[in-house]
There are 2 protein chains.
Amino acid sequence: MKLNVYVTLKPGVLDPQGKAIHHALGSLGFQGVEDVRQGKLIQLDVADSTSDADIDSMCRQLLANTVIENYRVEKA
Amino acid sequence: MKLNVYVTLKPGVLDPQGKAIHHALGSLGFQGVEDVRQGKLIQLDVADSTSDADIDSMCRQLLANTVIENYRVEKA
């Protein structure tokens with residue numbers, strides 16, 4: 001079973017990577033970019049028998065830092 | 001206009017971050033994880049007038065290294 005886990009910074013958390021990309025896009029001459037945030041995409045290939053609870057546990061224990069990040073799991 | 005850009009390593013390109021996550025999941029006792037790949041998710045907020053060509057150009061010039069990475073743009 002293929003899973004995509006999207007990990008994004010919570011609103012309000014500073015995102016220096018996003019800021020750097022924003023700045024670089026401006027330097028390259030791209031107009032009208034209002035905001036950039038960078039997150040992570042983690043593609044997992046797990047056994048079909050893996051429970052939703054286990055998947056959630058993987059996210060909470062390792063993939064996302066739930067203090068500052070949100071995560072969303074999508075079955076691909 | 002909000003865009004999500006998903007940047008993933010091309011198949012065959014070594015992914016040490018993914019390997020580290022895979023190993024860590026094993027250490028935490030999660031069974032049945034067959035493969036892990038890590039990519040990037042970049043969330044852009046751009047002016048509605050931004051053309052698809054400009055968006056593609058941003059990806060090719062800055063957001064993705066097209067030698068080793070694929071990218072996919074999704075309008076959110």
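# Two chains about one axis

Biologist: How can chain B be laid on chain A?

Modeller: In this predicted model, a turn of 180° and a shift of 0.0 Å along the axis lay chain B on chain A with an RMSD of 0.0 Å. The superposition is a least-squares fit on the C-alpha atoms of residues with pLDDT of at least 70 in both copies. The two copies are thus related as by a two-fold rotation axis. In chain B, the C-alpha nearest that axis belongs to Lys40(B), at 2.3 Å from it.

Biologist: What conventions apply to the names and values?

Modeller: Residues are numbered from 1 along each chain as its sequence is written, while chains are lettered from A and ligands numbered from 1 in the order in which they are written. Local features need pLDDT of at least 70, side-chain atom pairs count only at pLDDT 80 or more, totals for chains, interfaces and linings use all residues, and side-chain values use heavy atoms, with hydrogens and water left out.

Biologist: How many residues does the contact take from chain B and from chain A?

Modeller: Contact means heavy atoms within 4.5 Å. Here 29 residues come from chain B and 29 residues from chain A. Of the interface residues of chain B, 100% are also interface residues in chain A, so the copies meet through the same surface.

Biologist: What area is buried between chain B and chain A?

Modeller: Buried area is the accessible area (1.4 Å probe) that two parts lose on being put together, summed over both. For chain B and chain A the value is about 2700 Å², and carbon and sulfur atoms give 65% of that.

Biologist: Which strand of chain B does β2(A) pair with?

Modeller: Strands are DSSP runs (E, at least two residues), and helices are DSSP runs too (H or I, at least four residues), both numbered from the N terminus. Two strands pair if DSSP finds at least two bridges between them. Across the chains, β2(A) pairs with strand β2 (residues 33-46) of chain B in the antiparallel sense, over 13 bridges. Leu44(A) has Val36(B) as its bridge partner in β2(B), and Leu41(A) has Gly39(B).

Biologist: Which strand pairs with β2 inside each chain?

Modeller: In chain A, strand β1 (residues 2-9) pairs with β2(A) in the antiparallel sense over six bridges; there the bridge partner of Val7(A) is Lys40(A). In chain B, strand β1 (residues 2-9) and β2(B) also form an antiparallel pair with six bridges, and Asn4(B) is bridged to Gln43(B).

Biologist: Are the residues of β2 mostly buried or exposed?

Modeller: A residue is buried under 20% relative accessible area, exposed over 50%, and partly exposed in between (1.4 Å probe, protein chains only). Strand β2 (residues 33-46) of chain A is mostly covered, with 10 of its 14 residues buried. In β2(B), 10 of the 14 residues are buried, so that strand is largely enclosed by the rest of the structure.

Biologist: How many salt bridges are there over all chains?

Modeller: A salt bridge is a side-chain nitrogen of Lys or Arg within 4 Å of a carboxyl oxygen of Asp or Glu. The count over all chains is 10, and between chain B and chain A it is zero. One of the salt bridges joins Lys40(A) and Glu69(A), with the closest N and O atoms 3.9 Å apart. Lys40(A) lies in strand β2 of chain A and Glu69(A) in strand β3 (residues 69-75) of chain A, so the pair ties together parts that are 29 residues apart in sequence. Lys40(A) is partly exposed at 27% relative accessibility, whereas Glu69(A) is buried at 12%.

Biologist: Which residue meets Arg60(B) in a salt bridge?

Modeller: Asp56(B) does, at 3.3 Å from N to O. The two residues, Arg60(B) and Asp56(B), are four apart in helix α2 (residues 52-63) of chain B, a separation of about one helical turn. Arg60(B) is partly exposed at 48% relative accessibility, and Asp56(B) is partly exposed at 32%.

Biologist: How many disulfides are counted over all chains?

Modeller: A disulfide is a pair of cysteine sulfur atoms within 2.5 Å. The count over all chains is zero. Cys59(A) is buried at 1% relative accessible area, and Cys59(B) is buried at 1%.
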